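Here's a quick walk through a protein chain and the ligand that goes with it. Have a look at the model first, then read on.

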Amino acid sequence: MRIDIISCVPALFDSPFGHSILKRAIQKGLVEIHVHDLRDFSNHKQKSIDDYSFGGGAGMVMAIEPIANCIRHLQTSINYDAIIYMTPDGATLNQSMANSLSLFQNIIVLCGHYKGVDERVRQKFITHEISIGDYVLSGGELAAAVLCDSLIRLIPGVLSDETSALTDSFQDNLLAPPVYTRPSIWEEMEVPAVLLSGHELNIEQWRLEQSIERTKVRRPDIYNKWKESSE
Ligand code: ADE
C-alpha cells in the first residue's frame with residue numbers, strides 16, 4: 001500500500017510513523033508513506049495556502065490552488081483508489097471502514113486546517129470524507145495518523161501474529177475479552193482459573209462469553225448489531 005499525505009504541518013507525522021509497528025511496516029516495505037508539504041504547491045511568493053472566507057465570518061479557508069496542484073502532480077504518476085479528506089463532518093471511522101480501505105493500493109489523505117477546505121475541492125477531488133470522532137482537533141494530521149495506523153496494521157505481514165488483527169475489538173462487532181499475564185495471583189487478585197486450565201475449547205468459550213458480556217454492558221449499540229448478525 002502507498003499512502004500520500006497532504007499536510008501543511010508535515011513534521012507532525014515524524015513521530016507516529018517513526019516507531020514500533022508502523023516504523024517496522026515501512027522498513028519491511030509493506031507500506032510506503034509520502035508526506036507532502038502543501039506550501040510547496042502554492043504559487044504565492046509567501047507560500048500562503050489559505051484565504052478569507054467569502055461571505056465573511058471568522059477563520060480562514062484552505063484555498064483550492066495548492067491542493068489541486070498537489071493532487072494533480074501526484075496523479076500524473078499514480079492512479080489513486082481513494083482521495084480521503086479528514087474532517088469532523090465526515091463519516092465516523094469504524095473497523096469495517098478500516099477493513100475496506102486497507103484493501104486499496106494507493107490512497108491520498110488530505111489534512112484539513114482552519115475552517116476547512118474550499119467546498120469545490122471536496123466536490124472535485126474527494127472520494128471519502130472521514131472523521132475520527134465527534135470532537136474538533138486543531139488539524140487533520142492527528143486524525144490522518146489514526147486512520148493510517150488503523151489501515152496499516154491490517155496489511156498482511158505487518159503484525160507478527162497475523163491472526164491478532166482478526167481478534168481485535170470490533171472485528172466481529174464485539175469488544176475484545178479481558179487479558180492477563182503473569183503473575184497468576186497479584187495482591188490476592190487471581191487470573192480466572194479457566195485461562196490456566198490449558199483447555200483450549202473452554203478458554204475459547206469463556207473469551208466469547210466475556211466479549212459478549214462486555215459489549216452488552218459497554219456498547220449496547222454494537223451489541224445489537226452483533227445480535228442481528230448472529231441470528
Ligand atoms: N479535523 C479536525 N477534527 C477532526 C476530526 N474529529 N476527525 C477528522 N479530522 C478532523
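What follows covers the domain layout and then the surroundings of the ligand.

Keep in mind that this is a predicted model. The protein chain splits into two pieces: domain 1 runs over residues 2–152, and domain 2 takes in 169–230. Going by C-alpha atoms, the centres of domain 1 and domain 2 sit 36 Å apart.

Now for the ligand. There are 13 residues around it, and the ones that come nearest are Thr87, Ile132, Gly133, Tyr135 and Leu137. Where does the shell get its residues from? β5 (82–92) and β7 (128–131) each chip in at least two, and β5 provides the largest share, with three residues.

What about the chemistry of that shell? Sorting its residues by type gives eight nonpolar and five polar, with no charged ones in the mix.

Backbone atoms also come into play. The table lists polar contacts between the protein backbone and nitrogen of the ligand.

| Protein side | Ligand side | Distance |
|---|---|---|
| Thr87, polar backbone atom | nitrogen atom | 3.2 Å |
| Gly133, backbone N or O atom | nitrogen atom | 3.2 Å |
| Leu137, polar backbone atom | nitrogen atom | 3.0 Å |

And how much of the ligand's accessible area does the protein cover? On its own, the ligand has 260 Å² of accessible area, and the protein covers 97% of that.

So much for the contacts; to put the pieces side by side, Thr87, Gly133 and Leu137 are among the residues that come nearest to the ligand, and the shell they belong to holds no charged residues.

Conventions. Residues numbered from 1 in each chain as written. Predicted model: local features only at pLDDT ≥ 70, side-chain atom pairs only at ≥ 80, totals over all residues. Heavy atoms only, no water. Domains from an automatic or database assignment. Near = heavy atom within 4 Å. Polar contact = N/O pair within 3.5 Å; in protein donor to acceptor, adjacent residues only side chain to side chain. Areas by Shrake-Rupley, 256 points an atom, 1.4 Å probe, with all protein chains shown as cover. Helix = DSSP H or I, 4+ residues; strand = E, 2+ residues; numbered from the N terminus. Nonpolar A, V, L, I, M, F, W, Y, C, P; charged D, E, K, R; others polar.
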